[in-house]
Amino acid sequence: MASGEHRYRVSVEWIGNQGSGTSGYRDYGRNHEIRTEGKPMIPGSSDPAFRGDASRWNPEDLLVASASACHKLWYLHLCSEAGIVVETYRDEAVGTMIDTATEGRFTKIVLHPHVTIRAGGDVALATELHHAAHEKGYVANSVNFPIECEPVIDTIAK
């Protein structure tokens, strides 16, 4: 595993100028494009509650997705090391954010990974590895709110 400092460069370009810039709150679009070299563009906007385009990814979606994907990557790594063969992994993650007149912030994210492991695998260890993945997760270690995990483990014949 690589150690040391890692940098991630992205470009976020606002494409919502509808002719008058930000002359008024209702006078501009929230759409933007997220890019980095060698990867597909991500169409972004704000949440529809904040005048955004519901068909585009918003920062809140991306934060929840990042927490889920980071957990999954660590979990698969730890299962691989432990000899647990994961056949399928799907998470239905839910983030909760509050928005008041003075602040907006996430209060928690709950991951709901549904994992299928090969028959004969240690279900108890497969469950415990979710806790280890959480402890190692870069995103979970970087946020100031809890990320909880409520896994379901099934087995499947080889």
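**Internal space, strand pairing and side-chain contacts**

The largest cavity has a volume of about 60 Å³. It was identified in a predicted model, in which the count of cavities of 30 Å³ or more comes to one. The lining of this largest cavity is made up of Ala67, Cys70, His71, Leu111, Ala133, His134, Gly137, Ala140, Ile147, Glu148 and Cys149. Three elements, namely H1, helix H2 (123–136) and strand E8 (147–149), each contribute at least two residues to the lining of the largest cavity. Classified by residue type, this lining comprises seven nonpolar, three polar and one charged residues.

The largest pocket holds about 820 Å³ of space. Its lining consists of 23 residues, and those nearest the pocket centre are Tyr8, Val10, Lys39, Ser66 and Val139. Strand E2 (32–35) and helix H1 (59–82) each provide at least two residues of the pocket lining. The greatest share comes from H1, which gives nine residues. By class, the lining of the largest pocket contains 17 nonpolar, three polar and three charged residues. Helix H1 is thus represented in the lining of the largest pocket and also in that of the largest cavity.

Strand E2 is paired with two other strands. Strand E1 (residues 11–14) runs antiparallel to E2 and is joined to it by four bridges. Within this pairing, serine 11 is placed opposite arginine 35 of E2. Strand E3 (residues 42–44) is likewise antiparallel to E2, the two being joined by three bridges. Here histidine 32 faces glycine 44 of E3. The hairpin of E2 and E3 has six residues between its strands, and glycine 38 in this hairpin adopts a positive phi near 80°. A positive phi, near 70°, is also found at arginine 51, a residue other than glycine. Arginine 51 belongs to the loop between E3 and H1. With a relative accessibility of 38%, arginine 51 is classed as partly exposed.

Five salt bridges are present in the structure. One of them links glutamate 5 to arginine 7, with the closest N and O atoms 3.1 Å apart. Glutamate 5 and arginine 7 are both exposed. Another salt bridge joins arginine 35, the residue opposite serine 11, to glutamate 33, the closest N and O atoms being separated by 2.6 Å. The two partners fall into separate accessibility classes: arginine 35 is partly exposed at 39% relative accessibility, whereas glutamate 33 is buried at 17%. A further salt bridge connects the side chains of arginine 105 and glutamate 103, with an N to O distance of 3.4 Å. In this case arginine 105 is partly exposed, its relative accessible area being 41%, and glutamate 103 is partly exposed as well, with a value of 37%.

The search for aromatic contacts across the whole structure yielded five pairs. Among them, tryptophan 14 and tyrosine 28 form an edge-to-face pair, with a centre-to-centre distance of 6.3 Å and an angle of 80° between the planes. Because tryptophan 14 lies in strand E1 and tyrosine 28 in the loop between E1 and E2, this pair ties together parts that are 14 residues apart in sequence. Tryptophan 14 is partly exposed, with a relative accessible area of 39%, and tyrosine 28 is partly exposed at 21%. The ring centres of tyrosine 75 and tyrosine 89 are 5.8 Å apart and the ring planes meet at 50°, so this pair is tilted. Tyrosine 75 is located in helix H1 and tyrosine 89 in strand E4 (residues 86–91), so the contact ties together parts that are 14 residues apart in sequence. Both rings belong to buried residues, since a relative accessible area under 20% is required for that class: tyrosine 75 has 0% relative accessibility and tyrosine 89 has 18%. In addition, ring pairs link Trp14, Tyr25 and Tyr28 into a cluster.

Technical notes
Residues numbered from 1 in each chain as written. Heavy atoms only, no water. 1 Å grid on protein atoms, 1.4 Å probe; cavity = no way out; pocket = protein on both sides within 12 Å on 5 of 7 lines; lining within 4 Å. Points joined across faces, edges and corners; volume = space filled by probe spheres on them. Nonpolar A, V, L, I, M, F, W, Y, C, P; charged D, E, K, R; others polar. Pairing = 2+ DSSP bridges. Salt bridge = Lys/Arg side-chain N within 4 Å of Asp/Glu carboxyl O. Buried < 20%, exposed > 50% of the residue type's maximum accessible area, 1.4 Å probe, protein only. Phe/Tyr/Trp six-rings, centres within 6.5 Å; stacked < 30°, edge-to-face > 60°.
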